[in-house]
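The following exercises are to be solved with the sequence and the coordinates at hand. Each task is followed by a solution in steps.

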Amino acid sequence: FTNFINMAFQKIENVKISGIAACVPKAVECNINSSAFLSNDDAEKFIAATGIKERRIATPETCSSDLCYHAATKLIDQLGWSRKDIDCLIFITQTPDYIVPATSCILQDRLELPTDCYAFDITLGCSGWVYGISILGSLLSSGNFRKGLLLVGETTSKTKSPSDKSTFPLFGDAGTATGMEYSPGYEPMYFHTGTDGAKHRAIYIPDGAFRNPTTIQSLQSEEIEPGIIRNRLQYIMDGGSVFVFSITKPPQSIRILLENAGKSKEDIDCFFLHQANKIMVDKIIEKLKIPLEKTPSSFELFGNTSMSSIPLTMVTRKRKEFENSKLYLVTCGFGSGLSWASGYIVTDCIVCPELVEI
């Protein structure tokens with residue numbers, strides 16, 4: 001157990017978060033009217049259980065990179081950064097523009113960043129923002145890179161069947177941008193991460209890549225049970241397995257994080273948890289015995305926006321506090337992989353623009 005903690009624990013020094021921005025589509029879909037449900041009663045029960053009243057849905061022409069581009073443009077402008085000084089870019093998504101090339105290359109060009117910008121994609125789900133902060137932080141901590149952008153976004157509605165009540169009403173679309181920079185002597189960040197790939201089929205899309213390429217059969221819809229119709233190019237989630245995972249690993253990870261960082265729950269101003277749904281978030285809060293007022297939520301208006309959910313919650317629920325205060329934070333993302341990541345982060349009067357809508 002001790003070796004596990006040491007291998008999965010990071011301390012990153014000399015790096016600060018300078019700003020966070022978020023972007024969502026303008027189109028709102030209310031779950032009470034969702035075609036995924038067989039009846040109004042079904043919809044009402046779903047909303048009561050999950051807390052998800054509405055979600056933002058991207059148009060067919062809008063990609064995750066578009067949402068992140070608009071968030072990044074807003075953030076760069078308000079930070080007052082020169083684009084030529086941004087020397088690294090990480091893009092995290094499971095809905096890229098293309099299989100090839102990496103979408104980060106496209107974003108480097110669209111954002112007019114230098115051609116010697118260090119840019120790459122990462123394929124991760126709901127743990128992606130916390131993982132991304134630890135990765136970009138590691139790159140910046142030596143001082144070889146000075147300013148970096150972490151772009152995380154998902155148009156996850158495109159991967160769900162509109163006739164699948166077990167997935168479609170849960171998820172919404174969003175993109176975010178986080179600016180980080182080398183800052184000698186800044187308070188350290190701490191991270192605890194984990195992976196259980198043996199359970200990778202708890203959340204997956206069976207066909208469409210190279211293990212199971214797309215065939216005619218991939219496009220054929222199948223009724224799994226009443227209210228759940230999907231094909232093999234659409235998202236499958238084993239709700240029971242995901243629930244057990246989500247209420248077990250994240251609380252354990254947060255406890256390990258706090259212990260290794262030498263912090264107590266009382267030291268933390270806000271706990272930003274991945275916004276899976278009300279049931280899961282409430283259960284984690286209960287297990288950790290942390291007050292509700294320290295755990296802001298955004299799933300009510302945006303649903304589960306995958307790796308975007310933590311920074312989206314920061315922007316929409318605590319924007320003024322981020323701009324005007326020094327905050328001691330714990331973040332925890334968890335989801336497909338199965339993977340999870342928890343982080344202890346200190347922010348101090350950062351740039352946090354109003355939510356961008358496109």
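Helices (H or I, at least four residues) and strands (E, at least two) are DSSP runs, numbered from the N terminus. The model is predicted: local features need pLDDT of at least 70 and side-chain atom pairs count only at pLDDT 80 or more, while totals for chains, interfaces and linings use all residues. Residues are numbered from 1 along each chain as its sequence is written, and side-chain values use heavy atoms, with hydrogens and water left out.

**Exercise 1. Describe the overall fold in numbers.**

Step 1. The secondary structure of the protein comprises 11 helices and 17 strands.

Step 2. The radius of gyration, taken over C-alpha atoms, is compared with the globule rule, 2.2 Å times the number of residues to the power 0.38. The protein has a value of 19 Å, close to the 21 Å that the rule gives for 358 residues, so it is as compact as a globular protein of that length.

Step 3. The C-alpha atoms fill a box of roughly 60 × 45 × 40 Å along the principal axes.

Step 4. Contact means heavy atoms within 4.5 Å. Of the contacts with a separation of 6 or more, 79% are between residues 24 or more positions apart.

Step 5. Residues are called buried under 20% relative accessible area, exposed over 50% and partly exposed in between (1.4 Å probe, protein chains only). Buried residues make up 56% of the 358 residues.

**Exercise 2. Determine which residues lead the largest nonpolar core.**

Step 1. A nonpolar core is a set of buried Ala, Val, Leu, Ile, Met, Phe, Trp, Tyr and Cys residues joined through side-chain atoms within 4.5 Å.

Step 2. The largest such core has 40 residues, of which Trp-129 and Ile-133 touch the most other members. Helix 5 (residues 128–140) gives the most to this core, with 7 residues.

Step 3. Beyond its neighbours within four places in sequence, Trp-129 has contacts that include Ile-20, Leu-150, Val-152, Met-307 and Ile-345.

Step 4. A second, separate core of 37 residues includes Ile-203, Ile-268, Ile-284 and Leu-288.

**Exercise 3. Analyse the salt bridges and the burial of their partners.**

Step 1. A salt bridge is a side-chain nitrogen of Lys or Arg within 4 Å of a carboxyl oxygen of Asp or Glu. By this rule the count is 18.

Step 2. Asp-66 pairs with Arg-110, with the closest N and O atoms 2.7 Å apart. Asp-66 lies in helix 3 (residues 64–79) and Arg-110 in helix 4 (residues 103–110), so this bridge ties together parts 44 residues apart in sequence. Asp-66 is buried at 16% relative accessible area, whereas Arg-110 is partly exposed at 30%.

Step 3. Arg-230 pairs with Asp-164, at 3.3 Å between the closest N and O atoms. Arg-230 belongs to strand 12 (residues 228–230) and Asp-164 to the loop between strand 7 (147–154) and strand 8 (174–182), 66 residues apart. Arg-230 is buried at 13%, and Asp-164 is buried at 0%.

Step 4. Asp-85 and Lys-84 form a further bridge, with 3.5 Å between the closest N and O atoms. Here Asp-85 is partly exposed at 33% and Lys-84 is exposed at 63%.

Step 5. Arg-319, Glu-323 and Glu-354 are linked in a network of salt bridges.
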